[in-house]
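Subject: Structure handover, with notes

Dear colleague,

I am passing on the structure below, and my notes on what was found in it come after. Please read them with the model open beside you.

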Amino acid sequence: MTNKLLDVQDLRVEFSGKPVVKGISFHLNRGETFGIIGESGSGKSVTALALSHLLPFNALRSSQVFRFDGADMAHASSAQIDRLRGAGWAMIFQDPSGAFNPVKRVDWHMKQVLDRVALRGRDKRADPVALLQAVGIESAQRVLHSYPFQLSGGMLQRVLIVMVAAMRPKLIIADEPTTNLDKVIENQILDLLADARRRVGATVILITHDLLVAQRHCDRIAVMYEGEFVETGTAAELLGNPRHPYTKALLESSRSLVRGDERLKEVPPGLKDEIMQFNAHAQEADHA
Ligand SMILES: Nc1ncnc2c1ncn2[C@@H]1O[C@H](COP(=O)(O)OP(=O)(O)OP(=O)(O)O)[C@@H](O)[C@H]1O
């Protein structure tokens with residue numbers, strides 16, 4: 001078994017001829033947390049959907065290499081992909097309510113997951129109350145008897161993380177799991193995710209727009225800008241010595257957020273020019 005869980009070379013996604021992921025390449029080492037950061041619309045979610053085989057029908061995906069746990073995913077059958085869902089990879093979304101059927105109570109959702117896990121024969125059927133209590137949810141009975149809309153976004157996200165961890169996936173893809181939550185809840189959710197990763201021994205892709213969140217939780221980080229990974233490195237490298245102008249701007253924006261300023265939502269025109277010049281020089285250097 002190699003240490004590489006995922007190997008992706010030249011991954012591209014386009015919608016009706018418009019490229020939105022433009023040839024990204026990276027790998028994941030087993031057990032690491034890999035961050036993808038970037039501004040809104042840079043292609044982070046589309047990348048996550050491409051990796052988890054959840055792209056909408058109007059998307060066209062291609063790659064030179066797309067291997068997961070030793071298997072060729074680029075040519076995998078839908079039966080193979082279905083088998084790998086849950087045990088292979090699982091997603092945690094920005095809006096957890098999308099992962100729940102609104103007319104079914106939480107206990108129904110947990111039963112679906114735990115039955116599926118039990119069918120795999122790896123575990124005895126776990127007790128949902130114990131699973132929720134183990135992550136500090138004291139009102140587990142009430143939560144289990146609630147409909148998704150009766151729970152707060154933070155509580156629903158906690159339940160989703162518990163369900164995902166129960167599936168014991170090799171890879172957890174968390175796409176901005178704390179959007180719209182306040183800082184205290186955000187930290188609790190991210191700690192819960194880190195704890196789930198450790199218990200299950202999973203590898204994690206954490207998508208975030210916050211470089212400081214990525215610094216705290218990720219071993220390596222890729223900075224995404226307009227469909228490309230413009231810089232990849234360890235958290236220490238990116239924060240200590242950012243090379244790309246967009247990474248520098250993100251870092252400055254994260255620091256100013258700590259001071260209470262607005263976060264970088266749009267790339268100002270001056271920075272756009274600087275980024276284009278930097279990318280052109282980098283391309284020239286690649287071809288030299
Ligand atoms: N179903 C779709 N059809 C057409 N274009 C799409 C579709 N889904 C996403 N896109 C486009 O792909 C681009 C990348 O979107 P994506 O959601 O991946 O950005 P993001 O970096 O995740 O942003 P955010 O941080 O706001 O979630 C955007 O221009 C978006 O409009």
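A good place to begin is the hairpin of strand 1 and strand 2, which has two residues between the strands and in which S16 takes a positive phi near 45°. Strand 1 (residues 4–15) and strand 2 (residues 18–29) run antiparallel and are joined by nine bridges, and K4 has N29 as its bridge partner in strand 2. Helices (H or I, at least four residues) and strands (E, at least two) are DSSP runs, numbered from the N terminus, and two strands pair if DSSP finds at least two bridges between them.

Before going further, please note that this is a predicted model, in which local features need pLDDT of at least 70 and side-chain atom pairs count only at pLDDT 80 or more, while totals for chains, interfaces and linings use all residues. Residues are numbered from 1 along each chain as its sequence is written.

A second hairpin, formed by strand 10 and strand 11, also has two residues between its strands, and E226 in the turn has a positive phi of about 45°. Strand 10 (residues 220–225) pairs with strand 11 (residues 228–234) in the antiparallel sense over six bridges, with T232 in strand 11 as the bridge partner of A222.

As for the whole, the protein has 11 helices and 11 strands, and its C-alpha atoms fill a box of roughly 60 × 45 × 35 Å along the principal axes. The radius of gyration (taken over C-alpha atoms) is 20 Å, which agrees with the value near 19 Å for a compact globule of 288 residues, the globule rule being 2.2 Å times the number of residues to the power 0.38. Of the contacts with a separation of 6 or more, 66% are between residues 24 or more positions apart, where a contact means that two C-beta atoms, placed from the backbone, lie within 7 Å.

Buried residues make up 36% of the 288 residues; a residue is buried if 20 or more other C-beta atoms lie within 10 Å of its own, exposed if 12 or fewer, and partly exposed in between. Helix 1 (residues 44–51) is largely enclosed by the rest of the structure, because six of its eight residues are buried, namely K44, V46, T47, A48, A50 and L51.

Helix 1 also gives the largest share of the shell around the ligand, three residues. That shell has 13 residues, of which F15, S40, K44, S45 and V46 come nearest, and a residue counts as near if its C-beta atom, placed from the backbone, lies within 6 Å.

The largest nonpolar core (buried Ala, Val, Leu, Ile, Met, Phe, Trp, Tyr and Cys residues joined through C-beta atoms within 7 Å) has 69 residues, and V164 and I172 are among those with the most contacts inside it. Helix 6 (residues 153–166) gives the most to this core, with nine residues. Not counting residues up to four places away in sequence, V164 touches A90, I92, P169 and I172.

Two loop residues deserve a look as well. H53, in the loop between helix 1 and strand 4 (59–62), has a positive phi near 60° although it is other than glycine, and R168, in the loop between helix 6 and strand 8 (171–175), has a positive phi of about 50°. H53 is partly exposed, with 18 other C-beta atoms within 10 Å, and R168 counts as partly exposed with 18 C-beta neighbours inside 10 Å.

With best wishes
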